[in-house]
Amino acid sequence: MTAQVEKLPFGTEVDLDRLGLAEHDRRPMQACLALSEQVFKGTIDGEVACVWGLIPSSFLSGRAYIWLYVKDIVDQHQFVFVRHSQRILEVLLREYPIILGHCHVQDARAIRWIRWLGGVFNEPDGIKVVFQIVRKNNG
């Protein structure tokens, strides 16, 4: 088994068919990809397992919005992807000291992933729950 996470070059097209997205999820995914300054792809033995990216809130704000799409195959290799994500997040937090996002209150996989990355959740607001991941000061 070979698991890999790679940063995609800016403007790289992501094959939405390989992600297995439902038709109603394609437009939001295209918007996330178009707005993202950085996009990452995780694969297992060449199969796309997850895609995530960062959308800066403004040029100088020091904040970014994170989004994530995960396929079921990640469940079988979750610790490998969490470890890769932690390493990447450590670098991203140097550029964006505050990373914000939200997920569906019933998306246990996303909530678990965000918690592993150090995310802190607000109280749910309807069907979504907002979180933030903040850079730790070293000193």
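These legends describe close-up views of a predicted model.

**View 1. Phenylalanine 40 and tryptophan 52 form a stacked pair.** The two ring centres are 5.4 Å apart. The ring planes meet at 20 degrees, so the pair counts as stacked. Phenylalanine 40 sits in strand E2, residues 38-44. Tryptophan 52 sits in strand E3, residues 47-56. The pair therefore ties together parts that are twelve residues apart in sequence. Both rings belong to buried residues: phenylalanine 40 has a relative accessible area of 5%, and tryptophan 52 has 2%.

**View 2. Tryptophan 52 also pairs edge-to-face with tryptophan 113.** Here the ring centres lie 5.9 Å apart. The planes are at 65 degrees, so this pair is edge-to-face. Tryptophan 52 is in strand E3, while tryptophan 113 is in helix H4, residues 108-116. The pair links distant parts of the chain, 61 residues apart. Tryptophan 113 is buried, at 10% relative accessibility. Phe40, Trp52 and Trp113 make up one aromatic cluster. The structure has four aromatic pairs by count.

**View 3. Serine 85 touches two tryptophans and a leucine.** Serine 85 belongs to helix H3, which spans residues 78-95. Its relative accessibility is 3%, so serine 85 counts as buried. Leaving aside residues up to four places away in sequence, its contacts are Trp52, Trp113 and Leu117. Trp52 and Trp113 are also members of the aromatic cluster, together with Phe40.

**View 4. Cysteine 32 and cysteine 50 stay unpaired.** A disulfide is a covalent bond between the sulfur atoms of two cysteines. How many disulfides does the model hold? The count is zero. The closest cysteine sulfur to that of cysteine 32 belongs to cysteine 103. That sulfur is 13 Å away, too far for a bond. Cysteine 50 is in no disulfide either. Its nearest cysteine sulfur, that of cysteine 32, is 14 Å away. Cysteine 50 is buried, with a relative accessibility of 4%.

**View 5. Arginine 26 and glutamate 23 meet within helix H2.** Their side chains form a salt bridge, at 3.7 Å from N to O. Helix H2 covers residues 23-35. The two residues are three apart, about one turn of the helix. Is arginine 26 buried or exposed? Arginine 26 is buried, with a relative accessible area of 18%. Glutamate 23 is exposed, at 64%. A network of salt bridges links Asp17, Glu23 and Arg26.

**View 6. Arginine 109 and aspartate 72 bridge distant parts of the chain.** The closest N and O atoms of this salt bridge are 2.8 Å apart. Arginine 109 lies in helix H4. Aspartate 72 lies in the loop between strand E4 (63-70) and H3. The partners are 37 residues apart. Arginine 109 is partly exposed, at 22% relative accessibility. Aspartate 72 is exposed, with a relative accessible area of 56%.

**View 7. Arginine 94 and glutamate 90 form a salt bridge in helix H3.** The closest N and O atoms are 3.8 Å apart. The residues are four apart, about one turn of the helix. Both partners are exposed: arginine 94 has a relative accessible area of 57%, and glutamate 90 has 51%. The structure holds seven salt bridges. Among them are this bridge, the arginine 26 bridge and the arginine 109 bridge.

Key:
Residues numbered from 1 in each chain as written. Predicted model: local features only at pLDDT ≥ 70, side-chain atom pairs only at ≥ 80, totals over all residues. Heavy atoms only, no water. Buried < 20%, exposed > 50% of the residue type's maximum accessible area, 1.4 Å probe, protein only. Contact = heavy atoms within 4.5 Å. Disulfide = S-S within 2.5 Å. Phe/Tyr/Trp six-rings, centres within 6.5 Å; stacked < 30°, edge-to-face > 60°. Salt bridge = Lys/Arg side-chain N within 4 Å of Asp/Glu carboxyl O.
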